[in-house]
Amino acid sequence: MSVNDDLAAAERCLDELRRTVERLERQLGGGLDVRRVRTDTGHLRESVALLRAASAAPAPPRRPEPVPVPETPYDSSLWTDSDDEGLGARDRHAP
């Protein structure tokens, strides 16, 4: 089954659930428990609608923009006060 088929099946089941809850509400009255089930049914319908909307227009995967790296060497003055990784500063000895 496709996603649309599954969503349609879920909507049909929720329609049947809504009708059943309405029958129960008529038979049992509008007590707190029945109202809670009716509200939960509505929330489920909203959730399935959100799923349908999300599946209708999948966002294309975004690829990051490539960053050009120049072939020319970096200016050595950029590294004047830097530490060598794992070795410390150039003018000091490693422990």
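## Arg 23 and its network

Arg 23 is partly exposed, with a relative accessible area of 37%. This is a predicted model. Arg 23 forms a salt bridge with Glu 16. The closest N and O atoms of that pair are 3.9 Å apart, and the cut-off for a salt bridge is 4 Å. Glu 16 has a relative accessibility of 38% and so counts as partly exposed.

The pairing extends to a third residue. Glu 16, Arg 19 and Arg 23 are linked in a network of salt bridges.

## Helix packing

Two packed helices are described by the angle between their axes and the distance between the axes. Here, helix 1 covers residues 3-28 and helix 2 covers residues 32-56. They pack at an angle of about 165°. Their axes lie 10 Å apart. Angles over 145 degrees count as roughly antiparallel, and helix 1 and helix 2 are therefore roughly antiparallel to each other.

The crossing of helix 1 past helix 2 is left-handed. Sorted by class, the contact between helix 1 and helix 2 holds 13 nonpolar residues, three polar residues and eight charged residues.

## A bridge between the helices

Side chains of opposite charge can pair when their charged atoms come close. Asp 15 and Arg 45 form a salt bridge. Their closest N and O atoms are 2.7 Å apart. The pair links distant parts of the chain. Asp 15 belongs to helix 1 and Arg 45 to helix 2, with their positions 30 residues apart in numbering.

How exposed are Asp 15 and Arg 45? Asp 15 has 23% relative accessibility, so it counts as partly exposed. Arg 45 has 32% relative accessibility and is likewise partly exposed. The lower limit for that class is 20%.

## A bridge within helix 2

Arg 36 and Asp 33 also meet through their side chains in a salt bridge, at 3.8 Å from N to O. Both residues lie in helix 2. They are three residues apart, about one turn of the helix.

Which class of exposure does each partner fall in? Arg 36 is partly exposed, with a relative accessible area of 45%. Asp 33 is exposed, with a relative accessible area of 54%. The boundary between these classes is 50%, so Arg 36 and Asp 33 fall on opposite sides of it.

## Salt-bridge count

The count comes to seven salt bridges. Among them are Asp 15 with Arg 45, Arg 23 with Glu 16, and Arg 36 with Asp 33.

Key
Residues are numbered from 1 along each chain as its sequence is written. This is a predicted model: local features need pLDDT of at least 70, side-chain atom pairs count only at pLDDT 80 or more; totals for chains, interfaces and linings use all residues. Side-chain values use heavy atoms; hydrogens and water are left out. Axes are lines fitted to C-alpha atoms, for helices over the stretch in contact, and angles run from 0 to 180 degrees between N-to-C directions. Helices (H or I, at least four residues) and strands (E, at least two) are DSSP runs, numbered from the N terminus. Angles under 35 degrees count as roughly parallel, over 145 as roughly antiparallel, 65 to 115 as roughly perpendicular and the rest as oblique. A crossing is left-handed if the near helix is turned anticlockwise from the far one by less than a right angle, and right-handed if clockwise. Ala, Val, Leu, Ile, Met, Phe, Trp, Tyr, Cys and Pro count as nonpolar, Asp, Glu, Lys and Arg as charged, and the others, Gly among them, as polar. Buried means under 20% relative accessible area, exposed over 50%, partly exposed in between (1.4 Å probe, protein chains only).
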